[in-house]
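Q: Got a minute to go through a model with me? I'll put it up here.

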Amino acid sequence: MTTMVETMDYDEVVERFDPVLGLEVHVELSTATKMFCGCATTFGAEPNTQVCPTCLGLPGSLPVMNGAAVESAIRIGLALNCQIAPWCRFARKNYFYPDMPKNFQTSQYDEPIAFDGWMDLELPDGETVRVGIERAHMEEDTGKSLHVGGATGRIHGASHSLLDYNRAGVPLIEIVTKPIEGVGARAPEVARAYVTALRDLLRALDVSDVRMDQGSLRCDANVSLRERGVSEFGTRTETKNVNSLRSVERAVRYEMTRQAAVLAGGGEVVQETRHFHEADGSTSPGRVKETAEDYRYFPEPDLVPIAPSEEWIERLRGTLPEKPAERRKRIQQDWQLSDLELRDLLNAGAVEVIASTVDAGATPDEARSWWVSYLAQQANTRGVELAELPISPAQVARVIALVNSGELTNSLAKQVVDGVLAGEGDPDDVVAARGLAVVSDDSALNAAVDEALAAQPDVADKIRGGKVQAAGAIVGAVMKATNNQADAKRVRELILERCS
Amino acid sequence: MPSISRDEVAHLARLARLAVTEEELDTFAGQLDVILRSVASVGEVAAEEIPPTSHAVPLTNVFRDDVVRPGLTREQALAGAPAAEDGRFRVPRILGEEQ
Ligand SMILES: [Zn+2]
């Protein structure tokens with residue numbers, strides 16, 4: 001990881017080579033239960049408390065498919081303009097690694113439920129790129145391993161490993177693009193735009209939490225280069241562990257500059273899995289891939305085939321949300337935005353979160369002002385996307401409602417948002433726990449006003465003498481005395497009443 | 001021609017992270033060959049018009065409602081494990097690369 005790796009200047013890379021991308025996105029469905037058993041899927045539960053004989057692979061247990069997960073898979077396929085297979089099966093992917101206690105992963109293989117689709121992406125400058133979708137198939141997630149005794153929690157040097165199977169069996173959809181060619185220097189940008197658009201689509205479908213930071217959306221980036229003018233693909237690498245939108249862009253860019261240096265030096269790119277390192281944006285070699293044959297796939301005998309009827313598919317098609325392009329057009333009209341304003345919101349990743357906040361009851365203006373100012377600052381400080389902030393649009397809408405009902409002032413509302421971001425619970429929990437409700441009781445406020453007037457008699461005299469602007473100092477004193485929990489406008493009214 | 005070569009047995013042993021001696025390779029290759037030949041005899045009866053069958057019963061679309069059902073407690077889950085630590089299954093050092 002610390003060895004110096006040769007890279008080529010990016011401009012030179014794109015002058016000499018054409019990049020070809022393939023993106024594989026794994027998305028954990030937000031079903032209540034696992035793919036093949038009734039165990040809960042709650043994130044962050046105590047280790048091995050969401051397990052049963054089926055997901056532990058105990059003898060005699062049998063899997064049964066989660067119908068809701070299959071519906072989500074079909075809806076995802078339809079939203080990606082895919083064909084839905086009239087008949088398909090699961091297979092067993094056999095391997096020897098303890099993250100699956102069964103010694104195999106139940107996954108679709110050569111019969112994906114959805115295939116041959118496409119998705120249009122809009123790049124930050126407004127240009128549209130169409131990405132082909134090879135397939136979307138169903139599988140199950142693996143358990144989580146903890147490697148003990150090694151230097152950095154990695155396998156290398158570990159004395160033993162500890163397994164938590166809560167995640168083993170959580171429904172997973174793998175979405176694979178067709179090779180993305182001809183985007184040249186824009187390849188890193190396109191990769192990021194694709195994952196962003198896919199995330200927004202999955203969120204609109206309400207099938208997943210799509211939290212890259214929690215692993216419910218994970219991206220592997222396949223990258224290869226070929227000399228310009230050559231039609232065959234070069235050897236590709238697969239970079240794993242790319243856990244944010246920004247990392248997707250960086251990982252693709254890095255692999256392009258690294259592979260270009262290898263090729264220019266007369267070397268050969270090794271087909272391998274590489275790990276992405278968030279700290280410096282580099283990748284390092286992982287294992288040499290086992291071939292598909294080594295997994296000895298065969299049809300899963302314990303699960304019957306899936307044969308979605310036309311009626312079922314059409315019923316699910318009827319539940320799809322608006323298409324992103326239509327949705328944008330409607331939003332632009334509803335919110336009365338200029339093209340430029342809409343583009344700015346899109347580039348800030350703010351449209352979907354604002355829309356969801358509006359859906360949860362806020363007005364477009366209110367929702368917009370929170371997401372593009374205070375929350376944008378918080379996201380910026382943390383180096384994350386707006387959607388990755390640990391506050392939901394519904395929570396933001398609740399804060400706005402509390403401000404509108406007079407229960408919070410704007411400055412209290414920011415403290416409530418801080419509390420939610422700090423993981424203290426829903427807005428109402430934070431208000432209660434931090435004691436942040438507005439002091440709206442006039443008698444309590446009058447007492448504070450009297451106290452402040454008495455403490456600054458000269459100011460009080462000025463106000464009485466008609467210098468209304470002087471009231472500001474008293475308002476400040478009262479706000480301080482009430483820990484900013486008073487409504488400043490009301491305080492001012494009370495002061496003027498007292499001094500009239 | 002045996003249906004499985006000595007090299008293929010060695011490859012499978014490597015995938016399974018099993019240390020198999022040279023002598024054992026010969027033994028296993030011979031034994032597996034007998035098993036594979038027996039299974040292959042089924043293929044001789046299968047005629048052209050019989051499609052490959054993965055399921056004996058012609059059922060499709062057997063689904064479960066997405067409703068949580070109680071599983072095992074952690075104690076029950078770990079009860080059969082050869083070793084446990086910190087509420088997790090403890091396994092020996094994993095050889096080879098990370099998945
Ligand atoms: Zn289970």
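Q: How are α9(A) and α11(A) oriented to each other, and why is that the right word?
A: They're oblique to each other. This is a predicted model, and in it the two helix axes cross at roughly 40°. Angles from 35 to 65 degrees fall outside both the roughly parallel and the roughly perpendicular range, so the crossing counts as oblique.

Q: Within what distance do the axes come, and which residues are in the two helices?
A: The axes come within 12 Å. Helix α9 of chain A covers residues 364-382, and helix α11 of chain A covers residues 410-421.

Q: Left-handed or right-handed crossing?
A: Right-handed for α9(A) and α11(A).

Q: And which residues make the contact?
A: On the α9(A) side you've got Trp370(A), Tyr374(A), Leu375(A), Gln378(A) and Arg382(A). From α11(A) come Ala413(A), Lys414(A), Val417(A), Asp418(A) and Leu421(A). By class, that contact has six nonpolar, one polar and three charged residues.

Q: Let's look at Leu375(A). Is it buried or exposed?
A: Buried: its relative accessibility is 0%. Leu375(A) lies in helix α9 of chain A.

Q: What is Leu375(A) in contact with, leaving aside neighbours within four places in sequence?
A: Trp370(A), Leu386(A), Leu389(A), Ile391(A), Val396(A) and Val417(A).

Q: How far apart are Leu375(A) and Asp418(A)?
A: In sequence, 43 residues; in space, 9.6 Å from C-alpha to C-alpha.

Q: OK, on to the other partner. How are α11(A) and α12(A) oriented to each other?
A: Those two are roughly perpendicular to each other. Their axes come within 9 Å and cross at roughly 110°. Helix α12 of chain A is residues 427-434.

Q: Which residues meet there?
A: Gln415(A), Val416(A), Asp418(A), Gly419(A) and Val420(A) in α11(A) meet Pro427(A), Val430(A), Val431(A) and Arg434(A) in α12(A). They divide into five nonpolar, two polar and two charged.

Q: Zooming out, how many helices and strands are in chain A?
A: 16 helices and 15 strands. The C-alpha atoms of the chain fill a box of roughly 90 × 60 × 55 Å along the principal axes.

Q: What share of chain A is buried?
A: Buried residues make up 52% of its 500 residues.

Q: And how much area does chain A expose?
A: About 22100 Å², with carbon and sulfur atoms supplying 48% of it.

Q: Last one: what share of the contacts in chain A with a separation of 6 or more comes from residues 24 or more positions apart?
A: 69% of them.

Terms used
Residues are numbered from 1 along each chain as its sequence is written. Chains are lettered from A and ligands numbered from 1 in the order in which they are written. This is a predicted model: local features need pLDDT of at least 70, side-chain atom pairs count only at pLDDT 80 or more; totals for chains, interfaces and linings use all residues. Side-chain values use heavy atoms; hydrogens and water are left out. Axes are lines fitted to C-alpha atoms, for helices over the stretch in contact, and angles run from 0 to 180 degrees between N-to-C directions. Helices (H or I, at least four residues) and strands (E, at least two) are DSSP runs, numbered from the N terminus. Angles under 35 degrees count as roughly parallel, over 145 as roughly antiparallel, 65 to 115 as roughly perpendicular and the rest as oblique. A crossing is left-handed if the near helix is turned anticlockwise from the far one by less than a right angle, and right-handed if clockwise. Contact means heavy atoms within 4.5 Å. Ala, Val, Leu, Ile, Met, Phe, Trp, Tyr, Cys and Pro count as nonpolar, Asp, Glu, Lys and Arg as charged, and the others, Gly among them, as polar. Buried means under 20% relative accessible area, exposed over 50%, partly exposed in between (1.4 Å probe, protein chains only). Accessible areas come from the Shrake-Rupley method with a 1.4 Å probe; for residues, only the protein chains shown count as cover.
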